Amino acid sequence: MKECIYVVEDDENIREIIDLALTSAGYNVKQFSNALDALKSMENDQVDLAVFDLMLPGISGIDAIKKIRETDQELPILILSAKDREIDKVNGLDSGSDDYMTKPFGVLELQARVRSLLRRHAPKAVPIIESQTLKIDKQTRTVMHNGQVMELTNKEYQLLLYLVENHTRVVERDEILNHIWGYDFIGESRVLDVHIRALRAKLDDDGSKYIKTIRGVGYRYVEEVK
């Protein structure tokens, strides 16, 4: 399967050059002219690497990267910016990016840096998590329930995985919201209830089979996990 790379750049000409450079190297590229659209799309996509400009409409590349790092420490991120001062590079790397390139850039160097980042973040041996009815492959993000593949959104997958990995205890609502949606998530906690209901529907769960509500506290995945 081709690696999926997000390119977040507001200059259409530069965006097309990056797209051509990466698609010709065999990657699947998705383009975005602003960070908000990219962040929204990431909720339902499996992204292998992201390329961010810094000066973007709406929220800056720096703020977008910080937002990503609240819930994802593994995604390789490359900043590609015209800001070439040392302090700009330091701020970019400190925000959570893994590498920093300045414009104008060489296509061959861009391809080489992307290859390097993907190698560096290549998944190690990832265990398969199993319960009596579930099988979760963390490397492919595939979830099987009673032998059938579950179609999950990115947030549903993260939520189910977090509950299963912490099956020995009750996970508090605030902890789940912070882990899945980020510490500065702004919104009603009902978003968690909506996702729990969606998961239960897909698990054919009446509220006691797999995900149990502990009133006033949170949730617990009740099946024994190997």
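R113 is partly exposed in this predicted model, with a relative accessibility of 24%. Its side chain meets that of E109 in a salt bridge, at 2.7 Å from N to O. E109 is likewise partly exposed, at 39% relative accessible area. Both residues sit in helix α5, which covers residues 107-120, and they are four residues apart, about one turn of the helix.

Helix α5 also holds A112. With 31% relative accessibility, A112 counts as partly exposed. If you follow the chain from A112 to A25, you pass along 87 residues, yet their C-alpha atoms are separated by 9.9 Å.

**Salt bridges**

How many salt bridges does a search of the whole structure find? The search gives 14. Three of the pairs can be set side by side, with the N to O distance of each.

| Pair | N to O distance |
|---|---|
| K67 and E70 | 3.8 Å |
| R85 and D88 | 3.2 Å |
| R113 and E109 | 2.7 Å |

In the pair of K67 and E70, K67 is partly exposed at 26% relative accessibility, and E70 is partly exposed with a relative accessible area of 26%. The pair of R85 and D88 makes a nice contrast: R85 is exposed, its relative accessible area being 52%, whereas D88 is buried at 8%. R85 earns the word "exposed" because its 52% is over the 50% cut-off, and D88 counts as buried because its 8% is under 20%. Elsewhere, salt bridges link E9, D53 and K103 into a network.

**Buried acids without a salt bridge**

Now for two acidic residues that go without such a partner. Where does E223 lie? You will find E223 in the segment after β12, the strand of residues 218-221. E223 is buried and has no salt bridge; K209, the nearest side chain of opposite charge, is 9.6 Å away. That leaves E223 unpaired, because a salt bridge needs the nitrogen and oxygen within 4 Å.

Which side chains does the side chain of E223 meet in polar contacts? One is that of T133, at 2.9 Å, and another is that of Y221, at 2.7 Å. Leaving aside residues up to four places away in sequence, E223 touches S131, Q132, T133, L134, H167 and Y210. T133 therefore appears both as a contact of E223 and as a polar partner of its side chain.

D205 lies in the loop between α8 (190-203) and β11 (211-214). Like E223, D205 is buried and has no salt bridge. The nearest side chain of opposite charge to D205 is R200, 4.1 Å away. This pair misses out because the cut-off for a salt bridge is 4 Å. R200 is nevertheless among the residues that D205 touches, along with Y210 and I211, again not counting residues up to four places away in sequence. Y210 is thus a contact of D205 and also of E223.

**The second largest pocket**

Let us finish with some empty space. The second largest pocket has a volume of about 250 Å³. It is lined by 13 residues, and those closest to its centre are Q46, R141, L152, T153 and Y157. Which elements each supply at least two residues of this lining? They are β8, at residues 142-145, and α6, at residues 154-165.

Conventions: Residues numbered from 1 in each chain as written. Predicted model: local features only at pLDDT ≥ 70, side-chain atom pairs only at ≥ 80, totals over all residues. Heavy atoms only, no water. Buried < 20%, exposed > 50% of the residue type's maximum accessible area, 1.4 Å probe, protein only. Lys, Arg positive; Asp, Glu negative; His and termini not counted. Polar contact = N/O pair within 3.5 Å; in protein donor to acceptor, adjacent residues only side chain to side chain. Contact = heavy atoms within 4.5 Å. 1 Å grid on protein atoms, 1.4 Å probe; cavity = no way out; pocket = protein on both sides within 12 Å on 5 of 7 lines; lining within 4 Å. Points joined across faces, edges and corners; volume = space filled by probe spheres on them.
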